[in-house]
Amino acid sequence: MDGFHYRWLVGYGGYSYLVEPLWWIGMISMIVGEIANFAAYAFAPAILVTPLGALSIIISAALAHSILQEKLHTFGILGCVLCVVGSITIALHAPQERDIDSVREVWDLATEPAFLSYATIVVVAALVLIYFVVPQHGQTNIMVYIGVCSLLGSLTVMSVKALGIALKLTFSGVNQLFYPQTWAFALIVATCVSTQINYLNKALDTFNTAVVSPIYYVMFTSLTIIASVIMFKDWDRQNPTQIVTEMCGFVTILSGTFLLHKTKDMNDSTGPTLSTRRSKHASQTAFAIEVLPLKYQDCVDDETLPLSLPKADNHYLMQELPLRYKDLNIA
């Protein structure tokens with residue numbers, strides 16, 4: 001394989017990561033974490049569990065800074081702090097878990113018109129992105145890959161919660177494995193998770209890790225909260241004060257991720273920038289040209305200047321110099 005095609009596979013969303021041991025270590029670690037996350041969905045509402053994933057932003061940014069040498073500056077740290085504050089706010093005001101005695105109850109909630117409409121919109125949007133947008137803009141627009149992962153991720157969380165409830169009831173002595181709804185949710189989880197892993201790895205392989213993680217978190221969490229509110233009607237059991245507080249916590253998380261994203265390329269150095277030094281040097285050079293006697297005007301050109309000035313400025317100076325020296329009566 002020549003260097004060009006290898007670079008295409010590595011840097012533009014290929015599958016070369018499958019032969020990397022470090023990728024498998026990371027994937028296994030992620031699977032272990034998702035198993036623990038899976039268990040959490042069985043005992044707590046999704047609107048509580050999902051925002052706590054803000055901790056992954058801090059860990060991802062720290063690892064990207066130390067291992068991948070991706071700069072994490074002061075504003076990035078502040079963004080991570082805001083994510084943690086928002087997550088704590090949501091955790092303290094989250095709704096109570098709904099009592100469910102059978103996986104068939106979850107299926108009834110999932111087949112209500114409101115959630116079916118949401119699921120249809122999500123599936124259609126994901127298919128449009130996969131078959132029409134990804135081939136054209138997947139390698140240049142970070143939102144394409146993350147959009148696919150986030151859309152399907154909201155359905156994954158709802159299915160994972162249903163499957164977790166089924167397993168929890170089964171382990172407690174009420175067998176749910178003979179219900180076809182349990183296996184239907186398991187099939188949805190397998191399909192959505194495999195698709196998410198594929199496009200998330202493409203996003204991480206193509207774009208900056210410190211940027212992918214917070215954007216994915218914001219979109220994934222937003223859609224998951226919307227799906228949970230529609231399907232499980234979490235806000236029906238809360239008063240307006242709790243809902244507003246949760247929204248404020250979520251806006252705090254959004255502010256942190258926005259700050260982390262928008263200032264990712266900011267330089268912490270306090271010295272004068274290159275553009276400032278050039279502007280200062282240019283102004284000094286222009287002053288030197290202005291005080292030259294008229295007879296030396298023809299000797300001044302772009303090649304003799306330490307720093308070339310824009311042609312428009314040189315033309316302006318050359319037109320103005322005779323008038324100024326004429327006024328001063330300089331021979």
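What is the mean pLDDT of the chain, and what share of its residues reach 70 or more? This is a predicted model, so that's a fair place to start. The mean comes out at 76, and 73% of the residues get to 70 or more. At the start of the chain, residues 1-12 have pLDDT below 50, and this stretch has 16 contacts in the model beyond near neighbours in sequence. Residues 269-318 also stay under 50, and here the model has 35 contacts beyond four places in sequence.

Now for the helices. Take helix 2, which covers residues 21-43, and helix 8, which covers residues 142-171. The two pack with their axes 8 Å apart, at an angle of about 75 degrees. Since angles from 65 to 115 degrees count as roughly perpendicular, helix 2 is roughly perpendicular to helix 8. If you want to find the contact on screen, pick out Phe38, Tyr41, Ala42 and Phe43 on helix 2. Across from them, helix 8 brings Val157, Val160, Lys161, Leu163, Gly164, Ile165, Leu167 and Lys168. Sorted by character, the residues of this contact split into 9 nonpolar, 1 polar and 2 charged. Gly164 is part of the contact, and Gly counts as polar here; Lys161 and Lys168 are in it too, and Lys counts as charged.

Stay with helix 8 a little longer, because Met143 lies in it as well. How exposed is Met143? Its relative accessibility is 38%, so Met143 counts as partly exposed, falling between the 20% and 50% limits. Leaving out residues up to four places away in sequence, Met143 touches Ile215 and Met219. Met143 and Met219 are 76 residues apart along the chain, yet their C-alpha atoms are separated by 9.5 Å.

On to the aromatic rings. A search of the whole structure turns up 5 aromatic pairs. One of them is formed by Phe115 and Tyr118, with 5.9 Å from centre to centre and 35 degrees between the planes. Why is this pair tilted? Planes under 30 degrees apart would count as stacked and over 60 as edge-to-face, so 35 degrees lands in the tilted class. Both residues sit in helix 7, residues 113-137, and because they are 3 residues apart there, about one helical turn separates them. And are these two buried or exposed? Phe115 is buried, since its relative accessible area of 7% is under 20%. Tyr118 is buried as well, with a relative accessible area of 11%.

Conventions: Residues are numbered from 1 along each chain as its sequence is written. This is a predicted model: local features need pLDDT of at least 70, side-chain atom pairs count only at pLDDT 80 or more; totals for chains, interfaces and linings use all residues. Side-chain values use heavy atoms; hydrogens and water are left out. pLDDT is the predictor's confidence in each residue, from 0 to 100. Contact means heavy atoms within 4.5 Å. Axes are lines fitted to C-alpha atoms, for helices over the stretch in contact, and angles run from 0 to 180 degrees between N-to-C directions. Helices (H or I, at least four residues) and strands (E, at least two) are DSSP runs, numbered from the N terminus. Angles under 35 degrees count as roughly parallel, over 145 as roughly antiparallel, 65 to 115 as roughly perpendicular and the rest as oblique. Rings of Phe, Tyr and Trp (its six-membered ring) pair if their centres lie within 6.5 Å; planes under 30 degrees apart count as stacked, over 60 as edge-to-face and the rest as tilted. Buried means under 20% relative accessible area, exposed over 50%, partly exposed in between (1.4 Å probe, protein chains only).
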